[in-house]
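Here is a short briefing for a first look at this structure. It covers a sheet, a helix on that sheet, and a pair of helices.

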Amino acid sequence: MSEQYILALDHGTSAMKAALVTVSGRVAAFTAVKSSTRLLPNGGAEQDPDEWWRALARASRTLLAQTGVAPEDVAAVSVSSMFSTTVAVDKDGRAACPAILWLDGRGAPWVRKAMDGFPRVMGYGLSKMIRFIRKTGGGPTLTGKDDIGHALFIKHERPEIYERTAFFLPSKDYLNLRLTGRCAASYDSMTLFWASDSRDIRRVRYDEGLCRTLGLDPEKLPPLVPSTEILGPLLPSVATELGLTGKTVVAASSPDHQCAGVGAGAVADYSGHLYIGTSSWVQCVVPFKKTDVLHSIASFPTSIPGRYYTANEQDVAGGCLAFLQEVLSGASGREISFEEMDRMAATSPPGARGLIFTPWLNGERSPVDDGLLRGGFHNLSRGIGAGDMARAVMEGVAANIRWSLKYVERFIGRPMEPLRFVGGGARSELWCRILADTLDRTILQMEDPLEANARGAALIASVGLGRIAFDDVPGLVPVKKVFTPDKKNRDL
């Protein structure tokens with residue numbers, strides 16, 4: 001029999017990345033099609049869902065052409081996509097307006113109004129906070145960057161669109177709708193609508209009382225399914241457009257956080273992973289439901305049946321290096337690559353000659369929830385060069401991750417040792433070394449770290465197809481290199 005593959009999509013802020021992955025997790029080919037973002041006044045950030053679709057179709061055909069894999073050997077499609085990116089769709093399944101990105105905070109005033117009350121604690125009405133924490137594990141961020149903030153923004157400031165909206169869908173579930181014609185969302189992808197009761201992790205369901213408090217019509221929320229659910233086959237017209245056959249099925253899959261964890265092999269209880277892409281997070285699987293109100297950490301549904309995950313997310317991480325890359329490219333009049341940025345940073349000693357970078361270019365979510373925080377270089381002097389600035393950015397991101405890691409480890413009651421490192425940032429051995437020294441943790445640089453989200457999506461689908469079990473996953477994800485802390489650098 002010929003080998004079976006899964007077309008795995010890793011849909012991120014900057015690109016639609018795609019891979020052909022075997023059912024046992026080997027990445028056979030990878031490609032990417034860039035995405036464009038429209039930044040708007042008052043913190044708006046949007047993308048065109050039709051552009052996503054064109055990129056998906058182009059990526060599928062490119063991979064098939066590159067590899068020569070027969071369409072009938074592609075058993076499934078599985079989509080990983082940006083957490084907290086929201087698409088309003090009409091009764092015909094078409095996007096009623098541009099997709100609202102996870103960066104978008106225009107819904108903040110409406111979230112604050114919905115969650116206000118007396119007595120007020122940390123900006124929340126106390127009784128509301130208690131009710132949300134008991135049922136969901138947390139509550140809407142007051143920055144408005146959650147899905148519920150996006151939905152409330154549309155309801156109150158685009159009422160004509162809200163009226164036309166049949167369903168609010170996370171981005172991955174919108175793409176699944178277009179692939180199969182079936183409207184559904186996974187337990188984990190709906191978390192940041194804050195309308196789900198997750199106390200019974202095997203039967204997550206919407207709560208009408210929470211919807212009422214939020215001012216959200218529950219009929220505009222999609223049916224819930226596990227991440228391993230096979231939604232059905234590709235629509236015939238879609239199969240033709242993607243160069244596949246009508247026998248290819250689609251898995252519900254998970255958002256980027258969950259797929260990255262599975263793709264890193266971090267699926268056992270307390271197994272942790274670290275991701276650096278545009279944003280960053282530290283995350284691990286936990287067997288319990290718990291909440292740390294002060295640091296915005298809680299247990300939420302994951303792609304692994306019967307398990308929760310906990311995480312702390314940094315709003316902009318690799319995006320800080322991309323920002324510096326744009327500034328330096330503009331100043332020099334030529335395009336500077338990430339590889340060149342990495343080499344520049346390596347010329348600077350540990351500590352970047354005293355230069356400190358704070359990475360809050362878009363505010364922060366956790367361990368503090370403050371949309372007004374801003375980044376900056378500190379300790380600038382005449383002796384500072386571009387290499388020092390590049391290293392300071394990498395060290396500043398690592399120091400912020402250490403801040404987050406402290407509270408996640410306190411939450412789970414043990415150190416996350418070792419940490420599996422994936423995402424575009426994990427291609428840099430220098431960043432691996434900086435993280436090992438800054439976090440004082442062993443860093444496992446995973447093989448093909450850029451493809452981790454796609455690999456995770458494929459492995460979730462493979463579980464859904466019955467080809468593997470989640471217990472098999474750690475043995476299917478190889479480690480490329482191990483970095484242990486250097487005490488001298490750690491002290492610095």
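**Sheet and helix packing**

Gln445 stands opposite Lys481, a residue of strand 28. The model is predicted. Two topics follow: the sheet around that pair, then two packed helices.

**The sheet**

- Strand 27, residues 443-446, pairs with strand 28 in the antiparallel sense. The pairing runs over 4 bridges.
- The sheet is open and has 7 strands. Their order is 22-23-19-18-26-27-28, and the pairing is mixed.
- Strand 22 (300-301) and strand 28 (479-483) are the edge strands. Each of them pairs on one side only.
- Helix 13, residues 429-439, packs on the sheet. Helix 13 touches strand 18 (272-276), strand 26 (419-422), strand 27 and strand 28.
- The direction of helix 13 makes about 155° with that of strand 27.

**The helix pair**

- Two packed helices are described by the angle between their axes and the distance between the axes.
- Helix 10 spans residues 318-332, and helix 12 spans residues 386-412. Their axes come within 9 Å and cross at roughly 165°.
- Angles over 145 degrees count as roughly antiparallel, so helix 10 is roughly antiparallel to helix 12.
- The crossing of helix 10 and helix 12 is right-handed.
- From helix 10, the residues in contact are Cys320, Leu321, Leu324 and Leu328. They meet Ala386, Met389, Ala390, Val393, Met394 and Val397 in helix 12.
- By class, this contact of helix 10 with helix 12 has 10 nonpolar residues, with no polar and no charged ones.

Note on methods: Residues are numbered from 1 along each chain as its sequence is written. This is a predicted model: local features need pLDDT of at least 70, side-chain atom pairs count only at pLDDT 80 or more; totals for chains, interfaces and linings use all residues. Side-chain values use heavy atoms; hydrogens and water are left out. Two strands pair if DSSP finds at least two bridges between them. Helices (H or I, at least four residues) and strands (E, at least two) are DSSP runs, numbered from the N terminus. Contact means heavy atoms within 4.5 Å. Axes are lines fitted to C-alpha atoms, for helices over the stretch in contact, and angles run from 0 to 180 degrees between N-to-C directions. Angles under 35 degrees count as roughly parallel, over 145 as roughly antiparallel, 65 to 115 as roughly perpendicular and the rest as oblique. A crossing is left-handed if the near helix is turned anticlockwise from the far one by less than a right angle, and right-handed if clockwise. Ala, Val, Leu, Ile, Met, Phe, Trp, Tyr, Cys and Pro count as nonpolar, Asp, Glu, Lys and Arg as charged, and the others, Gly among them, as polar.
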